[in-house]
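Thanks for sharing this one. Here are my notes as numbered points, to be read with the structure open beside them.

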Amino acid sequence: MKLTKIIFASHNAGKIKEIKELLEPYGIQVMSALDMDLPDVEETGTTFAENSLLKSQTIAAQTKMPCLADDSGLCVDALNGAPGVYSARYAPNRDFAKGMDKLLSEMEKSPDKSRKAYFSCVISLAWPDGKYEIFEGRVDGMIAREKKGNFGFGYDPLFIPDGFEQSFAEMNKDEKNKISHRGRAVKKLQEFLKNL
């Protein structure tokens, strides 16, 4: 069964743009929950996988169309894995500029060795009949001591992936997509789609 059209269960313009760009080469038309004026699905899960699946299965059942959803976040060693699944809500009113200031303030006295962090992304693809697939991606790195760069979204200006000197927000979209948590999860999704 070839997928030609899916709904992406997101209202986040940055994520929507990334997913559309990543799936475009596969001839898949992506419509977002934002485009279709669908309500947000409340994230009541305690893991990225639970939240992702909750969103994709809910929207697939509502629309009778295949639905893609992701849940992702930043997990910081010095904060015992926080903000984690609460990454968006950690930013006051989902204002990531304030969220980054809050993170920098909480980590002000953290030595370099405890500034380790990782971004995790879990993408789920659900069908209206309840079947689903899950794809996970992760990228390790560290939290910078100041914001760097103007690209990307969310906490990108603070995250420096292992093996690089620049933050996600200093990379162009192609550089970032090759190594990002979402890019890695999407690669697994793309492999799955090739074999459908």
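How many bridges join strand 4 to strand 5, and do they run parallel or antiparallel? Strand 4 and strand 5 run antiparallel, with eleven bridges joining them. Please keep in mind throughout that this is a predicted model.

1. **The sheet as a whole.** Six strands make up an open sheet with mixed pairing, and their order across it is 2-1-3-4-5-6. The edges are taken by strand 2 (29-32) and strand 6 (159-161); each has a single partner strand, so one side of each is left without a neighbour in the sheet. On average, and with direction ignored, neighbouring strands here are turned by 35 degrees against each other.

2. **Strand 4 and its partners.** Strand 4 is a good place to start looking. Nine of its eleven residues are buried, so this strand is largely enclosed by the rest of the structure. Towards strand 3 the pairing is antiparallel and covers ten bridges, with Ser72 having Cys121 of strand 4 as its bridge partner. Cys121 in turn has a bridge partner in strand 5, namely Gly137. In the hairpin of strand 4 and strand 5 there are five residues between the strands, and Gly130 takes a positive phi near 100 degrees.

3. **The strand 6 edge.** Strand 5 (residues 132-143) also pairs with strand 6, in the antiparallel sense, over three bridges. One residue pair to look at here is Ile143 and its bridge partner in strand 6, Phe159.

4. **Helix 2 on the sheet.** Helix 2 (residues 48-63) packs on this sheet and touches strand 1 (5-8), strand 3 (67-76), strand 4 (116-126) and strand 5. Its direction makes about 160 degrees with that of strand 3.

5. **Cysteines.** Why is Cys67 not in a disulfide? Its sulfur lies 14 Å from the closest cysteine sulfur, that of Cys121, which is too far for a bond. For Cys75 the nearest cysteine sulfur is again in Cys121, at 12 Å, and Cys75 is in no disulfide. A search of the whole structure finds zero disulfides. Both of these side chains sit away from the surface by the accessibility criterion: Cys67 counts as buried because its relative accessibility is 0%, and Cys75 is buried with a relative accessible area of 6%.

6. **A buried salt bridge between helices.** Searching the whole structure gives 14 salt bridges. In one of them, the side chains of Glu18 and Arg182 meet at 3.1 Å, N to O. This pair links distant parts of the chain, since Glu18 belongs to helix 1 (residues 13-23) and Arg182 to helix 6 (residues 181-194), 164 residues apart. Are these two residues buried or exposed? Both Glu18 and Arg182 are buried. They also belong to a network of salt bridges that links them with Lys15, Asp70, Asp156 and Lys176.

7. **Lys55 and Glu43.** Another salt bridge brings Lys55 and Glu43 together, with 2.7 Å between the closest N and O atoms. Lys55 lies in helix 2 and Glu43 in the loop between strand 2 and helix 2, so the pair ties together parts that are twelve residues apart in sequence. Lys55 counts as buried because its relative accessibility is 8%, under the 20% limit.

8. **Lys147 and Asp101.** Here the side chains meet in a salt bridge at 2.9 Å, N to O. The linked parts are distant along the chain: Lys147 is in the loop between strand 5 and strand 6, Asp101 is in helix 4 (residues 96-106), and 46 residues separate them. Lys147 is partly exposed at 37% relative accessibility, and Asp101 is partly exposed as well, with a relative accessible area of 40%.

9. **Gln190 in helix 6.** Which residues does Gln190 contact, leaving aside its neighbours within four places in sequence? They are Leu22, Leu23 and Tyr26. Gln190 is found in helix 6 and is buried, with a relative accessible area of 10%. It can be viewed together with Arg182, which lies in helix 6 too.

Definitions and conventions: Residues numbered from 1 in each chain as written. Predicted model: local features only at pLDDT ≥ 70, side-chain atom pairs only at ≥ 80, totals over all residues. Heavy atoms only, no water. Disulfide = S-S within 2.5 Å. Buried < 20%, exposed > 50% of the residue type's maximum accessible area, 1.4 Å probe, protein only. Pairing = 2+ DSSP bridges. Helix = DSSP H or I, 4+ residues; strand = E, 2+ residues; numbered from the N terminus. Axes fitted to C-alpha atoms, helices over the stretch in contact; angles between N-to-C directions. Contact = heavy atoms within 4.5 Å. Salt bridge = Lys/Arg side-chain N within 4 Å of Asp/Glu carboxyl O.
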